[in-house]
Amino acid sequence: WSALRNDDERAVVNSLVESRLFVSELVDGASGFGVAHEALLRRWPRVVAWISAHRHVLQIRGRLGELAQRWQNEGQSQDLLLPEGKQLDEARSLLNLSAFALSEPELKLIAASTDRARWRKRLRLTALAIIILLALLATGLGLSALSAKRQALQRRTEVEGLMGFMLGDFADKLRPLARLDLLDSVGAKALDYFASSGNEDLSETALTQRAKALQVLAEVRITRGDPKAAEDAL
């Protein structure tokens, strides 16, 4: 009953209950109503036509209702949010349909899933920007070393500082998200940089960062079930 939005909707439902086409019942402890018999959905031409016209949307709504109930029962776990892509897009499309009133858990699930999708998109863009910046700085380091040793040393220090962030704080933020692809990219880009710099000329700081990069790659290989590659990296 709480999902009914105005007096007209409540009047219609009351009439259907009085006509014994709907029955009053409890829904999760709250006052609700339901169809008295499924024949109503198969014999009433207007209802049959409405269901036929909205079949795909009804399927999406049904799946969303089940997922929202499970998400609610599991304490709104992050693991049960709607994944990015088709499933989230379909759920969000229901928000623009006046013929469907979503429940509070369904609305909360869509909102929480949308927030996570936006946050992950920002994280991916930030990671991509940092990786591109790292590659540009590494390239610039190699070119500038030919013309000015002091300038090359300064830029090398800057790159190693950025590398330290990538392999330290940034990698630590990626681990809880299980973003193996980004961790793999971070480790691989770092090793490419160290290889282009010449492993025999690495400073103590760079050697430590190279070891961290190999450790990151080993973690990814272990998670992906490739112990041989993990052992080689270690």
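# Reading burial, rings and packing in a predicted model

Me: In this predicted model, does F22 count as buried or exposed?

Reply: F22 is buried, because its relative accessible area is 16%, and the cut-off for burial is under 20%.

Me: How should one read the pairing of the strand that holds F22, and which strand does β1 join?

Reply: One looks for the bridges between two strands and for their relative direction. Here strand β1 (residues 22-27) runs antiparallel to strand β2 (residues 30-35), and 6 bridges join the two. One of these matches V23 with G34 in β2.

Me: What happens at the turn of this hairpin, and which residue takes a positive phi?

Reply: The hairpin leaves 2 residues between the strands, and D28 has a positive phi near 55°.

Me: How does one read an aromatic pair, and how many aromatic pairs are there?

Reply: A pair of aromatic rings is described by how far apart the centres lie and by the angle between the planes. In this structure the count comes to 2 aromatic pairs. For W1 and F33, the ring centres are 5.4 Å apart and the planes are at 70°, so the pair is edge-to-face. That pair links distant parts of the chain, with W1 in the segment before α1 (7-18) and F33 in strand β2, 32 residues apart. F33 counts as partly exposed, because its relative accessibility is 27%; W1, likewise at 27%, also counts as partly exposed.

Me: Which geometry do the rings of F22 and F33 show?

Reply: Their centres lie 5.7 Å apart with the planes at 15°, so this pair is stacked. It too links distant parts of the chain: F22 belongs to strand β1 and F33 to strand β2, 11 residues apart. Through these ring pairs, W1, F22 and F33 form a cluster.

Me: How can the length of a helix be checked, and what span should α1 have?

Reply: One compares an expected span with the separation of the end C-alpha atoms. At 1.5 Å a residue, the 12 residues of α1 should span 16 Å, and the end C-alpha atoms are 16 Å apart, so the two agree.

Me: What is found at the ends of α1, and which residue caps the N-terminal end?

Reply: N6 is the cap, with a side-chain oxygen 3.1 Å from the backbone nitrogen of D8. Just after α1, R20 takes a positive phi of about 65°.

Me: How should one read a nonpolar core, and how many residues has the largest one?

Reply: In soluble globular proteins, nonpolar side chains tend to be buried together. The largest nonpolar core here has 16 residues, and L64, L82, L94 and L109 have the most contacts inside it. Two or more residues come from each of α4 (55-73), α5 (86-93) and α6 (104-147). Of the elements, α4 gives the most, with 5 residues. Another core lies apart from this one and has 7 residues, among them A138, L141, A190 and A206.

Me: Which residues surround L82, leaving aside its neighbours within four places in sequence?

Reply: L82 is in contact with L64, L67, Q87, L88, A91, L109, S113 and R116.

Me: Where does A138 lie, and is A138 buried or exposed?

Reply: A138 lies in helix α6 and is buried, because its relative accessible area is 17%. Its C-alpha atom is separated by 9.8 Å from that of K189, 51 residues apart along the chain.

Technical notes. Residues numbered from 1 in each chain as written. Predicted model: local features only at pLDDT ≥ 70, side-chain atom pairs only at ≥ 80, totals over all residues. Heavy atoms only, no water. Pairing = 2+ DSSP bridges. Helix = DSSP H or I, 4+ residues; strand = E, 2+ residues; numbered from the N terminus. Core = buried A, V, L, I, M, F, W, Y, C linked by side-chain atoms within 4.5 Å. Buried < 20%, exposed > 50% of the residue type's maximum accessible area, 1.4 Å probe, protein only. Contact = heavy atoms within 4.5 Å. Phe/Tyr/Trp six-rings, centres within 6.5 Å; stacked < 30°, edge-to-face > 60°. Expected span 1.5 Å × (residues − 1). Polar contact = N/O pair within 3.5 Å; in protein donor to acceptor, adjacent residues only side chain to side chain.
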